[in-house]
Amino acid sequence: MSVEIDTSVYKNLALEAHEDGVWIVTLNRPTKRNALDIDTIEELVTFFSIAPRAGVRAVVLAGSGDHFCAGLDLIEHHDEDRSPADFMHVCLRWHEAFNKMEYGGVPIIAALQGAVVGGGLELASSAHVRVMDQSAYFALPEGQRGLFTGGGATIRVTDLVGKARMIDMMLMGRVYQGQEAVDVGLAQYIVEGSAFDAALDLARRAAENLPLSNFAICSAVSHMQNMSAMDAAYAEAVVAGVVNTQPDARARLAAFADKSAARVRPKS
């Protein structure tokens with residue numbers, strides 16, 4: 001069942017659709033360094049809830065201005081003076097948005113520049129591929145601000161960098177940037193020029209894959225990480241049984257068999 005995306009209802013996200021099925025989703029609060037308020041989170045929930053059913057083949061997730069995202073909108077948080085229960089429900093909406101991203105089955109390529117901090121890092125870690133430019137820096141400054149992560153950093157960022165580095169980032173406010181950020185797992189690519197241009201190139205490459213294959217790669221792998229080894233092996237076999245016999249793959253397999261398809265080659 002296909003659905004339409006009504007771009008007019010989005011105020012904090014700027015949406016742009018390309019003919020190849022790639023969508024650009026841009027956090028559009030540059031004067032706030034794209035800090036995440038509750039309205040932005042709700043727009044993320046809305047978009048990524050319908051993207052898999054709306055023909056979206058890949059997404060470039062970007063931030064307008066000089067920064068990707070500086071995290072939780074601390075001014076809103078201060079002014080709202082939320083109760084513990086209120087903020088718990090805010091966190092649950094963050095989890096809803098980021099789970100829709102990670103498990104939704106649409107490849108998301110994050111283009112990172114400037115601040116990728118706090119909730120901004122939680123958002124970026126929900127993407128499947130992260131591309132950073134030379135200006136990007138990563139931090140979890142919650143400890144210095146009397147806070148604790150609430151948008152999944154203890155899960156996703158820990159998966160990326162490991163428990164010891166995660167605790168160090170929160171406890172000491174350690175900042176990662178440059179090649180070191182790639183080396184510890186916070187990004188997969190670092191570029192000299194535009195992270196957005198590089199992310200768009202990657203999104204276009206991903207969009208050329210069969211949608212069912214992408215859906216499996218961008219949802220099943222995360223689900224299997226939550227399972228025991230025995231359960232994951234069984235689930236992998238079931239997913240492979242469905243994906244590897246899809247009718248749309250026949251032409252690609254035939255091209256491989258008759259040697260007309262591109263071969264995997266090492267870099268020269």
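In which helix does R156 lie? R156 lies in helix α5, which spans residues 153-161; helices (H or I, at least four residues) and strands (E, at least two) are DSSP runs, numbered from the N terminus. The model is predicted, so that local features need pLDDT of at least 70 and side-chain atom pairs count only at pLDDT 80 or more, while totals for chains, interfaces and linings use all residues. Residues are numbered from 1 along each chain as its sequence is written, and side-chain values use heavy atoms, with hydrogens and water left out.

The protein comprises 11 helices and nine strands. For 268 residues, a compact globule would have a radius of gyration near 18 Å, and the value of 19 Å for the protein agrees with this; the radius is taken over C-alpha atoms, and the globule rule is 2.2 Å times the number of residues to the power 0.38. Along the principal axes, the C-alpha atoms fill a box of roughly 65 × 40 × 40 Å. The accessible surface amounts to about 14000 Å², and carbon and sulfur atoms account for 55% of this surface; areas come from the Shrake-Rupley method with a 1.4 Å probe, and for residues only the protein chains shown count as cover. Of the 268 residues, 47% are buried, where buried means under 20% relative accessible area, exposed over 50%, and partly exposed in between (1.4 Å probe, protein chains only). Among contacts (heavy atoms within 4.5 Å) between residues at least 6 apart in sequence, 71% join residues at least 24 apart.

In soluble globular proteins, nonpolar side chains tend to be buried together. The largest nonpolar core of the model has 52 residues, of which F47 and F138 touch the most other members; such a core is a set of buried Ala, Val, Leu, Ile, Met, Phe, Trp, Tyr and Cys residues joined through side-chain atoms within 4.5 Å. Helix α1 (residues 38-50) supplies the largest share of this core, with six residues. Beyond its neighbours within four places in sequence, F47 contacts I5, Y10, L15, W23, V25, V56 and V59. A separate core of 16 residues includes V60, I109, A111 and V131.

M169 is placed in helix α6 (residues 163-172) and is buried, at 0% relative accessibility. Residues up to four places away in sequence being excluded, M169 touches L121, F138, A139, L140, R174 and Y176. F138, one of these partners, is also one of the two residues that touch the most other members of the largest core. The C-alpha atoms of M169 and H78 are separated by 23 Å, and these residues are 91 apart along the chain.

Nine salt bridges occur in the structure, each defined by a side-chain nitrogen of Lys or Arg within 4 Å of a carboxyl oxygen of Asp or Glu. One of them joins the side chains of D20 and R204, with an N to O distance of 3.8 Å. Because D20 lies in the loop between β1 (13-17) and β2 (22-27) and R204 in helix α8 (residues 195-207), this pair ties together parts that are 184 residues apart in sequence. Both partners are partly exposed, D20 with a relative accessible area of 33% and R204 at 35%.

R29 takes part in a salt bridge with D37 (3.6 Å, N to O) and in another with D73 (3.2 Å, N to O). R29 lies in the loop between β2 and α1 and D73 in the loop between β3 (58-63) and α2 (74-80), so the pair ties together parts that are 44 residues apart in sequence. R29 and D73 are buried, and D37 is likewise buried. Through shared partners, the salt bridges join R29, D37 and D73 into one network.

R156 is also buried, with a relative accessible area of 6%. Its side chain forms a polar contact of 2.6 Å with that of N99; a polar contact is a pair of N or O atoms within 3.5 Å, and within protein one must be able to donate a hydrogen and the other to accept it, residues adjacent in sequence counting only if both atoms are side-chain atoms. Outside the four nearest places in sequence on either side, R156 is in contact with F98, N99, E102, Y103, S125, S126 and G151. Of these partners, S125 is placed in the loop between α4 (119-124) and β6 (129-132) and is buried at 8% relative accessibility. With neighbours within four places set aside, S125 contacts R130, R156, V157 and L160.
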